[in-house]
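Thanks for asking me to look this one over. Have the model open as you read, and go through the points in order.

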Amino acid sequence: MACGAAREGKSDTAALELLPSALSKMNESKPGGSQNPTCVFCRKNDDCPIKYGEKKTNEKWNLTVHYYCLLMSSGIWQRGKEEEGVYGFLIEDIRKEVTRASKLKCCVCKKTGASIGCVASRCKRSYHFPCGLQRECIFQFTGNFAILRSPCCKNAWFHRDCLQVQAINAGMFFFRCTICNNSDIFQKEMLRMGIHIPEKDASWELEENAYQELLQHYEHCDVRRCRSKEGRDYNVPDSKWEIKRCQCCGSRGTHLACSSLQSWEQNWECLECRGILYNSGDFQKAKKHTLPNTNVGITDCLLEESSPKLPRQSPGAQRKDLLRQGSKFRRDISTLIIELGFQIKKKTKRLFINKANIWSSALDGFRNQNFNPSYTIEIAYVNENDHFGKEQPGSKQEFLSLLMQQLENSPLFEGSLSKNLSLNSQALKENLYYEAGKMLAISLVHGGPSPGFFSKTLFNCLVYGPESTQPILDDVSDFDVAQIIIRINTAATVADLNSLINEYYNYLELIGCLRLITSLSDKYMLAKDILVYHVIKRVQAPFERW
């Protein structure tokens with residue numbers, strides 16, 4: 001049974017009068033109504049099972065309903081079997097409920113047909129189901145279920161049938177409250193209430209060799225370019241070909257040599273876990289890094305330390321502090337680059353660069369396990385079509401300038417003049433954002449050009465942190481998203497604003513920017529939320545790896 005207490009009454013086998021003309025007119029009033037009929041309760045023709053439940057049409061009576069609109073209606077009960085009427089709700093009962101609702105106005109849209117009442121007995125408000133969703137009403141799908149109260153958790157209720165299924169599967173040793181995991185008090189009360197708890201092991205424990213795979217160690221190299229000639233499953237302990245598992249999930253691995261790990265004791269996370277760690281907020285809450293001492297290795301401070309950030313501040317003091325500390329922070333960054341420059345050794349490392357493919361040859365060179373950023377870089381230009389392998393000495397400054405041009409025009413960034421990070425799934429998979437960050441750092445420390453194509457927003461994210469940065473409309477390179485923000489900012493009335501929210505409902509729901517609109521000024525917060533999501537939150541994973 002679905003909802004509401006069961007009541008005795010007539011069956012729908014009795015002769016039914018024709019439904020009120022209003023029902024048929026609802027489906028005939030629009031062109032093509034027979035192909036996309038409207039719900040007799042909410043009068044919408046949307047077919048979205050996730051939001052409104054399954055859309056069901058009784059062709060005999062020209063009657064269409066959303067399941068949730070029918071289920072939540074306050075004046076109707078399921079008196080028939082599941083195959084009778086519509087979901088067990090008899091046609092004559094639906095007719096009476098539609099007639100009752102035709103006298104009630106929805107407190108949201110002010111139109112009649114509001115069949116859902118508030119649970120508070122003194123409240124006289126009524127809603128259409130979609131209008132209630134828009135106002136963030138809570139719909140409780142309870143009623144004609146046999147329910148039991150948890151003895152250990154005050155506000156927890158369970159369906160009897162669900163508890164019985166759980167008890168049979170879990171058995172006496174694993175049957176417990178799913179809220180607090182209490183077993184003693186919970187089992188005693190459930191036995192008193194007639195739940196059968198078999199004295200047996202859990203069904204999942206009885207399966208032969210059910211957990212055999214947990215006894216096996218993961219031994220496979222998952223990095224994009226495995227350097228082992230013996231294959232990805234090659235594993236030699238106490239050597240550079242020993243496989244190190246991800247310290248977070250343990251279900252991904254790498255040869256020490258393939259990820260430039262010096263020893264097995266070094267921490268390593270797979271790409272998936274790095275993204276999860278960043279999204280958990282640890283990155284935003286990271287403490288400010290102090291300037292490294294001169295005895296700190298360039299590998300540690302250049303490639304492993306994250307960018308220095310100002311500490312998190314209250315919104316009131318944030319703007320003044322940023323202005324006051326801006327010049328000092330720029331001096332700190334300059335000092336950092338100078339100190340790193342002093343750590344470059346006289347020992348040279350030659351990079352073989354193909355001018356026809358600067359990006360790929362630079363990427364191969366920097367990823368080479370013998371490359372050390374603390375060595376002085378020498379450039380040798382080669383031509384892949386030259387079978388004699390002739391080398392030509394090249395300028396480091398020229399190479400770094402060409403590399404920055406390649407980076408500016410790469411798919412890692414978006415925008416025309418001022419660039420922001422893009423969201424490129426293939427680049428994430430190949431860890432190119434990390435490699436791009438390494439290229440920028442090497443160019444700065446080795447005397448190459450600075451990245452002059454950054455937008456102000458991207459620069460502030462790097463220096464002050466994403467949480468202290470407010471993007472602007474110019475940062476949005478997606479034309480459709482920019483148009484949404486402009487239309488919201490120029491909405492003239494609350495009605496216009498709500499209409500826009502309905503129009504872009506799916507998009508706003510997807511990005512987590514749906515909000516309750518109580519006044520016209522709410523449009524500014526909504527536009528700001530969309531901006532922050534599109535420019536900053538959407539590219540959190542690329543930013544962290546960069």
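Below are my numbered notes on charges, cysteines, surface patches and backbone.

1. A word on the source. This is a predicted model, so please read every distance and accessibility below as a value computed from predicted coordinates.

2. Salt bridges overall. The count comes to twelve salt bridges. As general background, side chains of opposite charge can pair when their charged atoms come close. The next points pick out some of these contacts.

3. A pair within one helix. E189 and R192 meet through their side chains in a salt bridge, with 2.8 Å from N to O. Both sit in helix α7 (residues 184-192), and because they are three residues apart there, about one helical turn separates them. R192 counts as exposed, at 59% relative accessibility.

4. A pair that links distant parts of the chain. The side chains of R224 and E430 form a salt bridge of 3.6 Å, N to O. This contact joins distant parts of the chain, with the partners 206 residues apart: R224 is in the loop between α7 and β7, while E430 is in the loop between α13 (425-429) and α14 (432-445). Are the two ends buried or exposed? R224 is partly exposed at 43% relative accessibility, whereas E430 is buried, with a relative accessible area of 17%.

5. A loop-to-helix pair. R515 and D529 also meet in a salt bridge, at 2.9 Å from N to O. Here R515 belongs to the loop between α18 (505-511) and α19 (522-535), and D529 lies in helix α19, 14 residues apart from R515. R515 is partly exposed, with a relative accessible area of 29%, and D529 is partly exposed too, with 25%.

6. A network. R79, E92 and D93 are worth displaying together, as salt bridges link them in a network.

7. A positive patch. Which residues gather in a patch of positive charge on the surface? They are K105, K110, R125 and R135. Of this group, R125 is found in the loop between β3 (116-117) and β4 (126-127). R125 has a relative accessible area of 49% and is partly exposed.

8. A nonpolar patch. M172, F173, F174 and W204 form a nonpolar patch on the surface, and together they have about 370 Å² of accessible area. F174 has its place in helix α6 (residues 160-174). The accessibility of F174 is 30% in relative terms, so this residue counts as partly exposed.

9. Cysteines. How many disulfides does the structure hold? The number is zero. C180 is in no disulfide, and the nearest cysteine sulfur, that of C153, is 3.5 Å away. For comparison, the cut-off used for a disulfide is a pair of cysteine sulfur atoms within 2.5 Å. C180 counts as partly exposed, at 38% relative accessibility. Why is C248 without a bond to C246? The sulfur of C246 is the closest cysteine sulfur to that of C248, but at 4.6 Å it is too far for a bond. C248 is partly exposed, with a relative accessible area of 43%.

10. Positive phi angles. Two residues other than glycine are worth a look in the backbone plot. N62 has a phi near 50°, a positive value, and lies in the loop between β1 (55-58) and β2 (63-66). N62 is partly exposed, with a relative accessible area of 30%. D238 has a positive phi as well, near 60°, and its place is in the loop between α7 and β7. At 76% relative accessibility, D238 counts as exposed.

11. A buried strand residue. I243 is found in strand β7 (residues 243-245). With a relative accessible area of 5%, I243 is buried. Going back eleven residues along the chain brings you to R232, and the C-alpha atoms of I243 and R232 are separated by 9.3 Å.

Key
Residues are numbered from 1 along each chain as its sequence is written. This is a predicted model: local features need pLDDT of at least 70, side-chain atom pairs count only at pLDDT 80 or more; totals for chains, interfaces and linings use all residues. Side-chain values use heavy atoms; hydrogens and water are left out. Patches are made of residues with over 30% relative accessible area and no salt bridge: like charges are joined within 9 Å, nonpolar side chains (Val, Leu, Ile, Met, Phe, Trp, Tyr) within 5 Å. Accessible areas come from the Shrake-Rupley method with a 1.4 Å probe; for residues, only the protein chains shown count as cover. A salt bridge is a side-chain nitrogen of Lys or Arg within 4 Å of a carboxyl oxygen of Asp or Glu. Lys and Arg count as positive and Asp and Glu as negative; His and the chain ends are not counted. The place of a charge is taken as NZ of Lys, CZ of Arg, CG of Asp or CD of Glu. Helices (H or I, at least four residues) and strands (E, at least two) are DSSP runs, numbered from the N terminus. Buried means under 20% relative accessible area, exposed over 50%, partly exposed in between (1.4 Å probe, protein chains only).
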